[in-house]
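Thanks for making the time this morning. I would like to walk through one structure, going from place to place, and I will try to keep each statement to what the coordinates support.

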Amino acid sequence: MSETRDTRSGMVALVGRPNVGKSTLVNALVGEKVSIVTPKPQTTRHRIIGVYTREDLQIALVDTPGLHTTAKSALNRVLNETAVASLAGIDLVLFMVEAGRWRDEDAAALARLARVEAPVGLVINKVDRVADKTELLPFIQSVSEKREFAFVAPISAQKGRNLDAIIAECGTRMPAGPFLFPDDEYTDRNLRFIAAETVREKLTLFLQQELPYSAAVEIERFDSSDVPIEIHACIWVSRENHKAMVIGRGGQMLKKIGRAARLDLVSRLDTRVDLRLWVKVRENWIDSEASVRDLGH
Ligand SMILES: Nc1nc2c(ncn2[C@@H]2O[C@H](COP(=O)(O)OP(=O)(O)OP(=O)(O)O)[C@@H](O)[C@H]2O)c(=O)[nH]1
Ligand SMILES: [Mg+2]
């Protein structure tokens with residue numbers, strides 16, 4: 001007789017305004033860098049799945065772009081749409097906020113969950129930043145009253161605090177059934193995507209102001225048939241003066257971005273990587289829905 005395991009498996013979406021720490025939590029739970037993280041809002045631009053697997057349980061954690069209210073450009077609109085569309089077929093939603101900070105954008109993000117049928121858990125992140133813990137309780141109380149939450153979990157995604165509680169709360173709400181992903185797979189994204197995101201992460205980290213939001217990365221060549229793996233990436237910017245900023249004086253900035261991205265990829269792929277970068281201008285691409293979609297969003 002064949003042996004059947006009692007397993008649970010389901011989908012959990014992380015939702016919240018930009019910068020609350022959704023991607024950090026996905027990475028911490030999965031134990032791998034699935035989704036890029038930067039101190040700047042609107043870092044995540046795609047629906048990215050990170051897979052948590054243990055013997056009897058698999059949770060597909062769906063990272064989403066932060067929901068924002070300043071939906072001025074076509075890119076902004078597409079990001080919000082991506083986040084909301086990610087809620088289809090979800091078993092549980094984690095609504096994430098920052099401890100002690102409730103903003104209009106949090107309220108707007110929560111409002112978008114009004115018609116969601118799945119249970120919604122409240123995750124209060126960055127509790128490590130609250131020095132006086134007595135301030136935490138009234139904050140948790142006031143946010144919990146804003147809708148019916150299945151549970152409340154104060155955590156620090158960055159410091160790894162109380163993450164067991166998240167797994168436990170998610171685990172009990174996952175339907176019984178076979179795993180959705182092979183148990184050695186930790187993301188639904190391929191290396192090509194990961195390479196593009198790694199370049200975008202360094203670009204966002206090293207360049208100030210609004211430039212990173214108007215930059216996209218496209219992989220033009222990805223050849224892993226030999227060592228080193230050969231990757232050619234194009235950084236698309238929306239204005240001519242942005243191109244000069246990305247390249248930097250004497251090409252210094254582009255070199256810095258390339259070096260940091262390459263080192264990251266080498267340690268992740270555990271092999272040598274030959275990464276080449278180009279910068280090209282596509283005028284005002286963030287304002288054109290066709291260009292936004294064309295560049296992979
Ligand atoms: N102090 C502290 N910082 C955190 C914690 N979790 C995340 N951060 C920081 O918060 C910033 C934003 O984190 P992300 O994970 O990129 O946030 P996000 O919600 O995915 O943001 P978007 O993708 O823009 O929607 C980064 O600088 C993180 O290092 C935490 O528990 N404590
Ligand atoms: Mg993110």
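**A walk through the model**

Let me begin with R173, which at 26% relative accessibility counts as partly exposed, and please keep in mind throughout that what you are looking at is a predicted model. R173 belongs to helix α5, which covers residues 163–173, and its C-alpha atom is separated by 9.9 Å from that of A150, a residue 23 positions away along the chain. Helix α5 also holds C170, and here the accessibility is 1%, so C170 counts as buried, the cut-off for that word being under 20%. If you want a long distance to set beside the one for R173, the C-alpha atoms of C170 and E240 are 47 Å apart, with their positions 70 residues apart along the chain.

Let me turn now to the metal. Which atoms coordinate the magnesium ion, ligand 2? The donors found are OG of S23 and OG1 of T44, at 2.0 to 2.1 Å. S23 sits in helix α1, residues 22–30, while T44 sits in the loop between α1 and β2, the latter being residues 48–54, so this pair ties together parts of the chain that are 21 residues apart in sequence. As for their surroundings, S23 has a relative accessibility of 8% and therefore counts as buried, and T44, at 7%, counts as buried as well.

T44 brings us to ligand 1, since T44 is among the residues that come nearest to that ligand, together with K22, T24, Q42 and D128, out of 23 residues around ligand 1. The element that gives the most to this shell is α1, with three residues. Looking at individual polar contacts, a backbone N or O atom of Q42 lies 2.7 Å from an oxygen atom of ligand 1, whereas for K126 the atom concerned is a polar one in the side chain, 2.9 Å from an oxygen atom of the ligand. S156 also contributes through its side chain, where an N or O atom is 3.1 Å from an oxygen atom of ligand 1. How much of the ligand is covered by the protein? Taken alone, ligand 1 exposes 660 Å², and the protein buries 92% of that area. The space that ligand 1 takes up is, moreover, the largest pocket.

I would next like to spend a moment on backbone geometry. In general, most residues other than glycine have a negative phi, and most peptide bonds are trans. Against that background, N19 has a phi near 75°, which is a positive value in a residue that is not glycine. N19 lies in the loop between β1, residues 8–15, and α1, and it is partly exposed, with a relative accessible area of 30%. D270 is likewise not a glycine, and its phi is positive at about 55°; D270 is placed in the loop between α8, residues 252–269, and β9, residues 273–281. Is D270 buried or exposed? Its relative accessible area is 71%, so D270 counts as exposed, the cut-off being over 50%. There is also a cis peptide bond, which joins V227 and P228 and has an omega of about 0°, and P228 lies in the loop between β7, residues 215–223, and β8, residues 229–237.

Let me finish with the stretch around β3 and α2. L61 is in strand β3, and at 1% relative accessibility it counts as buried; its C-alpha atom is 9.2 Å from that of T187, although the two residues are 126 apart along the chain. Further along is H68, in the loop between β3, residues 57–63, and α2, and H68 is buried, with a relative accessible area of 4%. A polar atom of the H68 side chain lies 3.4 Å from the backbone oxygen of N76. Within helix α2 itself, residues 74–85, we find E81, which at 40% relative accessibility counts as partly exposed. The C-alpha atoms of E81 and P65 are separated by 9.2 Å, with the two residues 16 apart along the chain.

That is where I will stop, and I am happy to take questions.

Definitions and conventions
Residues are numbered from 1 along each chain as its sequence is written. Chains are lettered from A and ligands numbered from 1 in the order in which they are written. This is a predicted model: local features need pLDDT of at least 70, side-chain atom pairs count only at pLDDT 80 or more; totals for chains, interfaces and linings use all residues. Side-chain values use heavy atoms; hydrogens and water are left out. Helices (H or I, at least four residues) and strands (E, at least two) are DSSP runs, numbered from the N terminus. Buried means under 20% relative accessible area, exposed over 50%, partly exposed in between (1.4 Å probe, protein chains only). Donors are N, O and S atoms within 2.8 Å of the metal (3.2 Å for Na, K and Ca); water is not among the atoms, so sites may look incomplete. A residue is near a molecule or strand if one of its heavy atoms lies within 4 Å of it. A polar contact is a pair of N or O atoms within 3.5 Å; within protein, one must be able to donate a hydrogen and the other to accept it, and residues adjacent in sequence count only if both atoms are side-chain atoms. Accessible areas come from the Shrake-Rupley method with a 1.4 Å probe; for residues, only the protein chains shown count as cover. On a 1 Å grid over the protein atoms alone, a cavity is a set of points where a 1.4 Å probe fits but cannot get out, and a pocket is an open set with protein on both sides within 12 Å along at least five of seven lines; lining residues have an atom within 4 Å of a point. A molecule sits in a cavity or pocket if more than half of its atoms lie within 2 Å of its grid points.
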